[in-house]
There are 2 protein chains.
Amino acid sequence: MDFTSFLTSLGTSFFIFMVLMLLFTWLSRRPENSVVYYPNRILKGLDPWEGGSRSRNPFAWIREAFSSSEQDVINMSGVDTAVYFVFLSTALAILVLSGLILLPVLLPVAATDDNLKTQKTFSEIDKLLMGNVKDDSPRLWAFLFAAYWVSLVTYFLLWKAYVHVSVLRANALMAPGLKPEQFAVLVRDIPPSNEGQTRKEQVDSYFKSIYPETFYRSMVVTDNKEVNKIYEKLEGYKKKLAHAEAVYDESKKTGKSKGLRPTTKIGTLGLVGKKVDSIEHYNEKIKELIPKLKAEQKATLREKQQACAFAFFTNRVAAASAAQSLHAQMVDTWTVMEAPEPRQIIWSNLKIKYFQRIIRQYVVSFIVALTILFYMIPIGLISALTTLDNLKKLLPFLKSIVDIAAVKTVLEAYLPQIALIVFLALLPKLLLALSKAEGIPSVGHAVRATSGKYFYFTVLNVFIGVTLGGTLFRTFKSIEKEPNSIVKLLANSLPGNASFFLTFVALKFFVGFGLELSRVVPLIIFHLKKKYLCKTEAELKQAWFPGDLGYATRIPVDTLVITIALCYSVIAPLIIPFGVVYFGLGWLVLRNQALKVYVPSFESYGKMWPHINARVLAALILFQVTMFGYLGLKKFSSRALFLIPLPILSLLFAYVCKKKFYRSFCDTALEAASRELKEIPDMESIFRSFIPPSLSSEKADDDHFEDALSQVSRIGSFA
Amino acid sequence: MDFTSFLTSLGTSFFIFMVLMLLFTWLSRRPENSVVYYPNRILKGLDPWEGGSRSRNPFAWIREAFSSSEQDVINMSGVDTAVYFVFLSTALAILVLSGLILLPVLLPVAATDDNLKTQKTFSEIDKLLMGNVKDDSPRLWAFLFAAYWVSLVTYFLLWKAYVHVSVLRANALMAPGLKPEQFAVLVRDIPPSNEGQTRKEQVDSYFKSIYPETFYRSMVVTDNKEVNKIYEKLEGYKKKLAHAEAVYDESKKTGKSKGLRPTTKIGTLGLVGKKVDSIEHYNEKIKELIPKLKAEQKATLREKQQACAFAFFTNRVAAASAAQSLHAQMVDTWTVMEAPEPRQIIWSNLKIKYFQRIIRQYVVSFIVALTILFYMIPIGLISALTTLDNLKKLLPFLKSIVDIAAVKTVLEAYLPQIALIVFLALLPKLLLALSKAEGIPSVGHAVRATSGKYFYFTVLNVFIGVTLGGTLFRTFKSIEKEPNSIVKLLANSLPGNASFFLTFVALKFFVGFGLELSRVVPLIIFHLKKKYLCKTEAELKQAWFPGDLGYATRIPVDTLVITIALCYSVIAPLIIPFGVVYFGLGWLVLRNQALKVYVPSFESYGKMWPHINARVLAALILFQVTMFGYLGLKKFSSRALFLIPLPILSLLFAYVCKKKFYRSFCDTALEAASRELKEIPDMESIFRSFIPPSLSSEKADDDHFEDALSQVSRIGSFA
């Protein structure tokens, strides 16, 4: 890619960004769009425009984002989101501090040398890269020290961030507000009960004997597949009924005084079959289903009990301590762990047994490894195909279009990147499904697992894949003979792809964050749905409900960018400003989105952080190793040995972090759990919050739950 | 070694064994020796000869050993000893079950082939080895299946043993008897306390807030170095005074009516200086030291408090649960772990901080690795030197003696083995000191760590070292080029050393267990001391006090024997009967010793087992890998591939064992701790049992401990 196409790419990206910004400013001030741009505030019962968002100043949202405190973010969007901002600001700080030294030092050092003048592939960008320094020049010392500077800055800021996040987590855990999951533990792998003892009695007597004073009661988990099906059917009919009634009401207002009763066909998909009156039909169906649901609820509670349960304690310390203690002599029975939040429980996974969980984990890891390796081939093909020359060869009819100068430049600048981004959008769903198949009990945990898999995928395929892309096929045989040479090969291919990644990052931040902020796609979808589909309030709310930040894909992409930025930081310092803009703009845009748009779907109190920390460190080690390989390639190899302490230092740093912080992110520290609560906990409502909606009868009569939900200690606790 | 010297070796060993057995039968029936042969019974207040040990039948002890139940062993010698017998009987069963198939099948298969007839080094033993089977013979299938049989037998018996030991441990932990350590936890890494708050207040308020109901009180650990010194000095003088008084009393009885007052010199070592009256001198010294000790005790409790403490709880579940829970958000502060038994606390290690402990661990591992590698050289030299031809060359004056036929045979049979055994006796002390330097808080744990190091040492140096010994130096250069060939080399050297290890094992069991049973050395030492040194009862008791079983060296030697037996089981099945005799005789002799002689010095409730299990599995994997290498050497390499599943299976087995059992050997399962106690625990005496002797004043006045030993909750608990 030459300098012109690079500039074109940048310019176009910036232009699109400006357009999206203007769109945002214009659209977000229209009241009918408030549910798209301020759903989080609306759902929290706040005035969308409080604080002057609708003032004349089109950049008021920026001021608001800057003036918001961490506490605001926690209040509006939870600890996980605050932790995500710690990540963004840490990445930003790493790049800013690195850039402060690297840019003024390395750019002149590289630009005033003239190694590349003798070569053909010379362009304006390449002049600023490390490749322009002669192979045996003492100037390379500057690059070596730059690697140390970047590493030290990273250690320092990661340490500060870890301490900060740890405090955030502790504060959240010791907060006096009532969180039902802090009073419960999840008990899995319950052994078969004795003859004549129900599951409930078994669980109750077990915990009663260990915790005579703090155990409250238990809830045996049931297999809810059947009852959920009926419940969802019923809810579906209720929605359809509301819809039909809304349509009928509307038709009454317009035209005929009596209104037009809507009709529906009762055959497949409502397309064939007899036409019937919708309202009557749905009412009938609902009447049919309600007793069926009740019967199935009873049957589920009585007969479909699983070998797992939730145990409830009367105070937080008891629950936190129970979740960390070994209960049975055989480790694979009576496994006790922290209860997830009720909203994020993956019910169907709870019953999976200890060793099956382990086996599933390994099988899933194997499948993921296969996936990562299989995708290598398509990515390689894409990066080989999407050069213009190749396109012309393969699709000769494009030649006339492609040869137009303007089109050519744009295509050259964007084609490979767009291919890559579209490609990446396909994967997350599969990875999430795989993570859930591991037997993980909570959505938050599954999202973390997905994020990990996605990170491996992006780094291996996008970063290493693209970098090696062109070179790999040529030199495949040499790798086969000598696997060690892969580091050298990687180092060798890095500089050639610098401009690719510059454009990649630029595209990500201008177009990506532009789309994020302007919410053009959700806006269009909302207005289409509103106009043609939604008749009731519930349907409308569903149409604008924003979902959460989507950590499973967001964090891996961010870590990919920091990986790219770190790995190129010394070889091509020009990447640093791009990285700074990415994380700066990202922080700003997402601050706005976190405060006003997205609604968190779970809260894990920052459990994501150890993973983020580990991945930034992995990126740093990759940087250090490639730097070593790259300097080793130059006639500088003896001096490259000075880089050997760096990866060792990084591993040491990772080890110390793990030892000092990690366990407090797995378990709840008792000193946090022992803080006093704002109010005396209402154990009954805590218990009820764990009942899945398909099983909670409207009357909430207790007899209903007598089978699976223990009653033993209830009398005691009120005595 | 030829067949004659092999038989001579066996014969001599057996002769020595018979002599020692007769000695034992004769000596153990003499009443004056009862304290040497029955100290454990005497210390437990039992009649040494109860049950007919002194009857006419010289083999009564064998009947007694066989008729003793596991519960007897637990009662007399604790759970750890019972677990050790599980190990012995498991090893025995592995070898018996293997031998039942291997001996009748493999010996004829090997003996009827004739591969070695064409070679020079042929002897009667070699004929029975796998080496006698032709390289491409289908008979090798039998050996391949034998490897599978041995492996499956090992898995089956190890699994059974693990379950058995796990039950033993659970039963011991849930026993209703009062064990002070079950009510306490050890708290380390206490952060600096606030201004104006004493350490005691800090610990008390911390635990009070987390465990308002179950926390009893705390005991801050002090630096006892100085007070211990004074205390030991004082005790020494007390002993010397008692000794001097006994001498004086004796002199009164014999000869002069007034008696001769003993004198002592007050200079260096009592050899120079003024002569003074001993009794007066010691009385003076004691009078001097008592107030000094009191003052130092006060100063220690007040000023030498460390950043660690013991916390006491009013019930076992609370203590067991606290030991497993994370207390502080920063993992490296307020580390809480199980309290060791008071008698096995290593006080000076308690204060060592979290990260320092980790660093010490790595440093010690490094030193141990160096030790193992350094000893390689002397062992190699010894095994090269101790051939007769070499001896004659080096020490020509020996030639005339060595050339006598009888001497030659004996020397040839024993020299290398004796050199090896003497050599092995030097190491354990060093390894124990190194293990203690890791910062381990209890003796039991330090012994386990020592045992592990010693195992690595014996297997690496004795087994692999001796096996490769001769071959290594010759082929050193080929290994340097191709490190993978070490497996092949090992496999190649195995058969040549079979007879060495046969003699080694025979020497171990005949002479080793003969000496063990007859206790000739302790007997002689005791009688010498009794005659010339001991005057008081206390001194006499010290002279015969037997010590414990010495797991730190005993278990590694046993695992070395099972390693040898397993590795040779298929290549030279003749090793199996030797192994059977070793473990059979060992079981018998040690059963007698455990019931009558040794007094356990700590109790870890079977925590040794996971280590034993892991090491037997490591031996099995070594066997499987060498079998693979050995079969691969023959013209049978394609069929050797059938052995690849075996090491994988072993690793899988180890993994499953670890997942299913391991944690219950680290932590106390709450269901065990929740069992009811025989009596209501007397918390004050539990607390007092943790006070080190140098700090417990005779009057036991409470004010004494007001500083380091908290009093906050005592009032509460008696209210």
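**Two chains, rule by rule**

Biologist: How many residue pairs are in polar contact between chain B and chain A?

Modeller: There are 29 such pairs between chain B and chain A, with both residues at pLDDT 80 or more. A polar contact is a pair of N or O atoms within 3.5 Å; within protein, one must be able to donate a hydrogen and the other to accept it, and residues adjacent in sequence count only if both atoms are side-chain atoms. Remember that this is a predicted model, where local features need pLDDT of at least 70, side-chain atom pairs count only at pLDDT 80 or more, and totals for chains, interfaces and linings use all residues. Residues are numbered from 1 along each chain as its sequence is written, chains are lettered from A and ligands numbered from 1 in the order in which they are written, and side-chain values use heavy atoms, without hydrogens and water.

Biologist: Which helices of chain B each supply at least two residues of the side that touches chain A?

Modeller: They are α8 (140–174), α9 (199–210), α12 (316–324), α14 (354–385), α29 (645–666) and α30 (670–673) of chain B. Helices (H or I, at least four residues) and strands (E, at least two) are DSSP runs, numbered from the N terminus. The largest share, seven residues, comes from α29(B). That side of chain B divides into 19 nonpolar, 10 polar and eight charged residues; Ala, Val, Leu, Ile, Met, Phe, Trp, Tyr, Cys and Pro are nonpolar, Asp, Glu, Lys and Arg charged, and the others, Gly among them, polar.

Biologist: What makes residues of chain B and chain A count as being in contact?

Modeller: Their heavy atoms must lie within 4.5 Å. On that basis, 37 residues of chain B are in contact with 37 residues of chain A.

Biologist: What is the area buried between chain B and chain A?

Modeller: About 3300 Å², with carbon and sulfur atoms giving 56%. Buried area is the accessible area (1.4 Å probe) that two parts lose on being put together, summed over both. In chain B, Leu326(B), Gln329(B) and Lys660(B) lose the most to chain A, together 21% of what that side buries.

Biologist: Why are Asp332(A) and Lys660(B) called a salt bridge?

Modeller: The rule asks for a side-chain nitrogen of Lys or Arg within 4 Å of a carboxyl oxygen of Asp or Glu. Asp332(A) and Lys660(B) meet at 2.7 Å, N to O, so the pair satisfies the rule. Asp332(A) lies in the loop between α11 (316–324) and β6 of chain A and Lys660(B) in helix α29 of chain B, so the pair joins two chains. Asp332(B) also forms a salt bridge with Lys660(A), again with its closest N and O atoms 2.7 Å apart. The rule finds two salt bridges across this interface and 25 over all chains.

Biologist: Why are β2 and β6 of chain A said to stand at the edges of their sheet?

Modeller: Picture an open sheet of four strands in chain A, ordered β2-β5-β1-β6 with antiparallel pairing. β2 (215–222) and β6 (335–338) of chain A each have a single partner strand, so one side of each is left without a neighbour in the sheet. The twist averages 30° from one strand to the next.

Biologist: What makes β1 and β6 of chain A a pair?

Modeller: Two strands pair if DSSP finds at least two bridges between them. Strand β1 (residues 184–188) of chain A is joined to β6(A) by four bridges, so the rule is met. Within this antiparallel pair, Val185(A) has Glu338(A) as its bridge partner.

Biologist: Where does Pro600(B) lie?

Modeller: Pro600(B) is in the loop between α26 (575–596) and α27 (609–633) of chain B. Neighbours within four places in sequence aside, Pro600(B) is in contact with Met76(B), Ser77(B), Arg343(B) and Asp548(B).

Note on methods: Axes fitted to C-alpha atoms, helices over the stretch in contact; angles between N-to-C directions.
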